[in-house]
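Dear colleague,

I am passing on a structure that you have not worked with before, and below it you will find an account of what was found. Please read the account with the structure open beside you.

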Amino acid sequence: MPWDEEEKQPKGEKGEYCEICGAKGKWLNLQKCPMCHKYFCDSCQYLYGGKIFCSDFCAQEFFWGADEEDE
Ligand SMILES: [Zn+2]
Ligand SMILES: [Zn+2]
């Protein structure tokens, strides 16, 4: 999978906006997904196993292991 440096963020600095829904603002309480390391806002968060993820997908991957699936 291409994991090159993608520093060109058109929406702003990484961590200043939700990478899931695109919401932006200093008032946002952004969290970082422990699985995919994306930032996400409160409305996108997914609670699972006492941790907060950006999606149920990441939650499942985090706890149940990642099968490397090539699209
Ligand atoms: Zn969001
Ligand atoms: Zn994630």
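Please bear in mind that this is a predicted model. The pLDDT of the chain averages 84, and 76% of the residues reach a score of at least 70. Where pLDDT is low, the predicted coordinates should not be read in detail. Among the elements, the lowest mean pLDDT, 94, belongs to helix α1, which covers residues 56-64, while the highest, 97, belongs to strand β4, which covers residues 51-53.

As for the overall layout, the chain holds four strands and one helix, and their order from the N terminus is β-β-β-β-α. Of the 71 residues in the chain, 17% are buried. When contacts with a separation of 6 or more are considered, 14% of them join residues that are 24 or more positions apart.

The largest nonpolar core consists of eleven residues, and these include Tyr17, Phe53 and Ala59 as well as several cysteines, among them Cys18, Cys33 and Cys58. Leu30 also belongs to this core, and, if residues up to four places away in sequence are set aside, Leu30 touches Gly15, Cys18, Tyr39, Phe40 and Cys41.

Two residues from the segment before β1 can be described together, since each has a listed distance to Cys41. Gly22 is placed in that segment and is exposed, because 10 other C-beta atoms lie within 10 Å and a residue with 12 or fewer is classed in this way. Gly22 is 19 residues from Cys41 in sequence, and the two C-alpha atoms are 9.0 Å apart in space. Lys24 is located in the segment before β1 too, with β1 itself spanning residues 31-32, but Lys24 is partly exposed, because it has 14 other C-beta atoms within 10 Å. Between Lys24 and Cys41, which are 17 residues apart along the chain, the C-alpha separation is 8.9 Å.

The loop between β1 and β2, where β2 spans residues 39-40, contains His37. Most residues other than glycine have a negative phi. His37, although not a glycine, has a positive phi of about 65°. With 11 C-beta neighbours inside 10 Å, His37 is counted as exposed.

Finally, a residue of the helix may be worth finding on your screen. Phe63 lies in helix α1; is Phe63 buried or exposed? Phe63 is exposed, because 12 other C-beta atoms lie within 10 Å, and a residue with 12 or fewer falls into that class. Along the sequence Phe63 is 15 residues from Tyr48, and in space their C-alpha atoms are 9.1 Å apart.

With best wishes

Terms used. Residues are numbered from 1 along each chain as its sequence is written. Chains are lettered from A and ligands numbered from 1 in the order in which they are written. This is a predicted model: local features need pLDDT of at least 70, side-chain atom pairs count only at pLDDT 80 or more; totals for chains, interfaces and linings use all residues. pLDDT is the predictor's confidence in each residue, from 0 to 100. Helices (H or I, at least four residues) and strands (E, at least two) are DSSP runs, numbered from the N terminus. A residue is buried if 20 or more other C-beta atoms lie within 10 Å of its own, exposed if 12 or fewer, and partly exposed in between; C-beta atoms are placed from the backbone. Two residues are in contact if their C-beta atoms, placed from the backbone, lie within 7 Å. A nonpolar core is a set of buried Ala, Val, Leu, Ile, Met, Phe, Trp, Tyr and Cys residues joined through C-beta atoms within 7 Å.
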